[in-house]
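Dear colleague,

Here is the structure I said I would pass on. My notes on what was found in it follow below.

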Amino acid sequence: MNVPFTHLHVHTQYSLLDGASKPKELLQRAMELGMDSIAITDHGNMYGAVDIYQTAQKLNKEAEKEGKPGLKVIFGCECYITPGSRFDRIDKQTRYHLILLAENQEGYHNLVKLVSLGFIDGFYRKPRIDKDILRKYSKGIICLSACIQGEVPQMILQRNLDGAERALQ
């Protein structure tokens, strides 16, 4: 039985030291499994966006020739977000994970801007953004609470439900 499924949190080899999937093999396997879309959310970067886009275009053309459905790639990033300022350089500063997905072209441009600013303004051990810059460039972006290292899951683990609700706000 083929159940529709879209994975919204996938790391590739471009998630340095955290992902091993090569774009072509990943996208081919997703198509084999009958997926119609997949989100690429590498850690802190979008290094693979061009490679993944071009690979998807090629695979979709091949699938079309064979009368098979193609695969939509959703571009995203598992950003590092600091509850303070991205300009702070504090060794013990908390850094959470946050999944951001581009909903449309404007969202893609905003996501590229956020990731770039994470490196330009926020880099301290890792490329970081903060909530101020996220608010400024949030249009067209869908936000997910991320993995266990996300702010919401961390607040829940600390039994801080008020904090988790504030983070959701």
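**Strand β2 and the aromatic cluster**

S37 sits in strand β2. Please keep in mind that this is a predicted model.

Is S37 buried or exposed? S37 has a relative accessible area of 10%, and buried means under 20%, so S37 counts as buried. Its side chain takes part in two polar contacts that I would look at: one with the side chain of T6, at 2.7 Å, and one with the side chain of D36, at 3.2 Å. Setting aside neighbours within four places in sequence, the residues in contact with S37 are F5, T6, H7, L71, K72 and I74. T6 therefore appears both in that list and as a polar partner of the S37 side chain.

Next, the loop that runs between β2 (37-40) and α2 (49-65), which is where Y47 is placed. Y47 is partly exposed, because its relative accessibility is 47% and the partly exposed class lies between 20% and 50%.

The structure holds 3 aromatic pairs. One of these joins Y47 and F119: the ring centres are 6.2 Å apart and the planes are at 40°, a tilted arrangement. This pair links distant parts of the chain, since Y47 is in the loop between β2 and α2 while F119 is in helix α3 (residues 105-120), 72 residues away. F119 is partly exposed as well, with a relative accessible area of 31%.

How are the rings of F119 and F123 arranged? Their centres are 5.9 Å apart and their planes are at 15°; planes under 30 degrees apart count as stacked, so this pair is stacked. F123 is partly exposed, at 39% relative accessibility. Y47, F119 and F123 together form one aromatic cluster.

Which residues make the nonpolar surface patch? The patch is made by L16, L17, Y47, F119, I120 and F123, and its area is about 730 Å². Patch residues need over 30% relative accessible area, a condition that Y47 meets at 47%, F119 at 31% and F123 at 39%. The three members of the aromatic cluster are therefore also among the residues of this patch.

To sum up, the notes cover two sites: S37, a buried residue in strand β2, and the aromatic cluster of Y47, F119 and F123, whose residues belong to the nonpolar surface patch.

Regards

Terms used: Residues are numbered from 1 along each chain as its sequence is written. This is a predicted model: local features need pLDDT of at least 70, side-chain atom pairs count only at pLDDT 80 or more; totals for chains, interfaces and linings use all residues. Side-chain values use heavy atoms; hydrogens and water are left out. Patches are made of residues with over 30% relative accessible area and no salt bridge: like charges are joined within 9 Å, nonpolar side chains (Val, Leu, Ile, Met, Phe, Trp, Tyr) within 5 Å. Accessible areas come from the Shrake-Rupley method with a 1.4 Å probe; for residues, only the protein chains shown count as cover. A salt bridge is a side-chain nitrogen of Lys or Arg within 4 Å of a carboxyl oxygen of Asp or Glu. Helices (H or I, at least four residues) and strands (E, at least two) are DSSP runs, numbered from the N terminus. Buried means under 20% relative accessible area, exposed over 50%, partly exposed in between (1.4 Å probe, protein chains only). A polar contact is a pair of N or O atoms within 3.5 Å; within protein, one must be able to donate a hydrogen and the other to accept it, and residues adjacent in sequence count only if both atoms are side-chain atoms. Contact means heavy atoms within 4.5 Å. Rings of Phe, Tyr and Trp (its six-membered ring) pair if their centres lie within 6.5 Å; planes under 30 degrees apart count as stacked, over 60 as edge-to-face and the rest as tilted.
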